[in-house]
Amino acid sequence: FNRISIPSWLSRNILGKLGHLRHLYLPLSDGISPKTRKLRFDGLGKLETLENFSNLWCEAKDLPQLINLQKLTLVVVGVYDDVKETMKNLSALALSSSSNLGYLGLSLVFYNLPGENVRELFWDYKSILQKLSISGRLPELAQLFENQPRNIMNNHVEESSIRITSLKLELSFLIDDPMPVLEKIPTLRDLE
């Protein structure tokens, strides 16, 4: 197999036996945690595309082993500590010197969020992060794109390192107008 889509009824143990698999398109998660074990990705070292990875259904600790991934889209759902744990494993993959990751689509859904900490969750991947969706309360939007979390003077955004082409914000409860920040992201094409 070079490409496979996994139906939800399929055994969660089968993936490790597909060592030559290159492209994996998982079904979208329904937001409900599984009653059985999570999907494991050990043994999939040749995987180049992984879409719809969800921390609810997939074992996040397997992410750092997928160094041949070139494209990754993931949905990270839960309370802040669950989200932070998944993002730690994503960091291990994205920042690895042997990683080939060039495209990241990230959807964050927070149940309880200390808003000032959102930025630290995805800042390390700003050069490969092309699609970002955040559902949950946010601090000032400029804070998401700053190098220094406390240096938010004049809506400063280091635009040369931000590659986001698609941004979706839901239930953010932003107070300040986000447009002075968003207009400084030259690659942004889709805004919702």
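Let me start with Ser133, in this predicted model. Is Ser133 buried or exposed? Its relative accessibility is 15%, and the cut-off for buried is under 20%, so Ser133 counts as buried. You will find Ser133 in strand 6, which covers residues 129–135. Leaving aside residues up to four places away in sequence, Ser133 touches Leu106, Ser107, Leu108 and Lys168.

Now compare that with Val75, which sits in strand 4. Val75 has a relative accessibility of 24%, and partly exposed lies between 20% and 50%, so Val75 counts as partly exposed. What does Val75 touch, if we again skip residues up to four places away in sequence? The answer is Phe53, Ser54, Asn55 and Ser107. Ser107 was also in the list for Ser133. There is a distance to note here as well: Val75 and Val109 are 34 residues apart along the chain, and their C-alpha atoms are separated by 7.6 Å.

Next, strand 4 as a whole. Of its 8 residues, 6 are buried, so the strand is mostly covered. Which way do strand 3 and strand 4 run relative to each other, parallel or antiparallel? They run parallel, and 4 bridges join them. In that pairing, Phe53 stands opposite Leu74 of strand 4. Strand 4 is also joined to strand 5, by 8 bridges, and those two run parallel too. There, Leu74 has Leu106 as its bridge partner in strand 5. To get from strand 4 to strand 5, the chain passes through helix 1, and this β-α-β crossover is right-handed.

One general point for the first-years: in a regular strand, side chains alternate between the two faces of the sheet.

Last, the core. How many residues are in the largest nonpolar core? It has 44, and those with the most contacts inside it are Phe41, Leu50, Phe53 and Leu72. Several elements supply at least two residues each, among them strand 3, strand 4, strand 5, strand 6 and strand 7. Helices do so too, including helix 3, at 141–144, and helix 4, at 179–182. Helix 1 gives the most, with 5 residues.

Take Leu50 from that list. Apart from residues up to four places away in sequence, Leu50 touches Leu24, Leu26, Phe41, Leu66, Leu69, Lys71, Leu72 and Thr73. Phe41 and Leu72 in that set are themselves among the core residues with the most contacts.

That is all I have.

Key:
Residues numbered from 1 in each chain as written. Predicted model: local features only at pLDDT ≥ 70, side-chain atom pairs only at ≥ 80, totals over all residues. Heavy atoms only, no water. Buried < 20%, exposed > 50% of the residue type's maximum accessible area, 1.4 Å probe, protein only. Contact = heavy atoms within 4.5 Å. Core = buried A, V, L, I, M, F, W, Y, C linked by side-chain atoms within 4.5 Å. Pairing = 2+ DSSP bridges. Right-handed = clockwise from strand over helix to strand, strands pointing away.
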